[in-house]
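Work through the following exercises with the sequence and the model at hand, and try each task before reading its solution.

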Amino acid sequence: MKYEFNSRIRYSELDEDGKLSVNGLVNYFQDVSTFQSEQLGVGVEYLKKRHQAWILSFWQIVYDRPPRLGELVTAQTWAYDFKGFMGLRNFALLDQKRTMLARANSVWVLFDMEKQRPARMEPEMAKLYETEPPLDMEYASRKISLPEGGEPEVPFYIGKNQLDTNHHVNNGQYIAMAAAYLPEGFAIRELRAEYRMQARLRDEIFPVVCRQKNTVTVELCNGEGKPYAVVMFLQK
């Protein structure tokens, strides 16, 4: 079952070029999936009572055309498959004429927050979402190969403004952190983000950035060099 909501691009959502920022786009996609779960009665509070949460494992977001200030847009989402503890979900951002602005694939893991391990999804919950056929797009591997030649950047600490209701860093925040290392004028054609560990308040992040032709890969690591997240940007 598809779910959608309408909105208008706000000034607060723009990047310095006057287009919807990458973090703004991620927020639209996060919000529309959250709204769907809330409408179905299996949202944040429902999961919290069961000590569960949906944790994002992978994003693949492809840009067709980034919208600008004031454009009327529609954010869409639908689940297309459930496998054990994993949920597979597509997203789309459409303009006023229902033309595609951006599309995405994502992989989510239902997680037991008490036991700190994946939790198998109950059939009754999966049935609520009424899966739809997957979006017509080229699906990338969920594993991002780490290129050689990455350069360490200045470490920084996680602040409260980067946490979500699960008390760890929100997936969109990792993308915002990584996007800060893009060179000036880098127009994103596609981004991929693989999430490997959960960072929490006051954790120290050690960024490693590899800049190649038309590609920037950012590893956001802990002090032992293990990535919390790996984000790859592909240029137009």
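**Exercise 1: a strand and its partners**

Strand S5 (residues 100-112) has 12 of its 13 residues buried, so it is largely enclosed by the rest of the structure. Here buried means under 20% relative accessible area, exposed over 50% and partly exposed in between, with a 1.4 Å probe and protein chains only; helices (H or I, at least four residues) and strands (E, at least two) are DSSP runs, numbered from the N terminus. The model is predicted, so local features need pLDDT of at least 70 and side-chain atom pairs count only at pLDDT 80 or more, whereas totals for chains, interfaces and linings use all residues. Residues are numbered from 1 along each chain as its sequence is written, and side-chain values use heavy atoms, with hydrogens and water left out.

*Task.* Establish how S5 pairs with S2, with strand S4 and with strand S6, given that two strands pair if DSSP finds at least two bridges between them.

*Solution.*

1. Begin with S2, which is joined to S5 by 11 bridges in an antiparallel arrangement; within this pairing, Val 107 of S5 stands opposite Phe 58.
2. Turn next to S4 (residues 86-94), which runs antiparallel to S5 and is connected to S5 by 9 bridges, with Phe 91 having Ala 104 in S5 as its bridge partner. The hairpin of S4 and S5 has 5 residues between the strands, and Arg 98 there takes a positive phi near 70°.
3. Finish with S6 (residues 117-118), also antiparallel to S5 and joined to S5 by 2 bridges, where Pro 118 is the bridge partner of Phe 111. The hairpin that S5 and S6 form has 4 residues between them, and Gln 116 in the turn has a positive phi of about 55°.

**Exercise 2: a helix and its surroundings**

*Task.* Determine how many residues of helix H4 (residues 171-179) are buried, which elements they pack against, and where Ala 179 makes its contacts.

*Solution.*

1. Count the covered positions: 7 of the 9 residues of H4 are buried, among them Tyr 174, Ile 175 and Met 177.
2. Identify the neighbours of these buried residues, which include helix H1 (22-39), strand S2 (52-63) and strand S12 (227-235).
3. Inspect the N-terminal end, where Asn 170 caps H4 through a side-chain oxygen that lies 2.9 Å from the backbone nitrogen of Gly 172.
4. Consider Ala 179, which belongs to H4 and, leaving aside neighbours within four places in sequence, is in contact (heavy atoms within 4.5 Å) with Val 22 and Phe 233. The C-alpha atoms of Ala 179 and Met 232 are separated by 9.4 Å, although these positions lie 53 residues apart in the sense that they are 53 residues apart along the chain.

Terms used: Polar contact = N/O pair within 3.5 Å; in protein donor to acceptor, adjacent residues only side chain to side chain.
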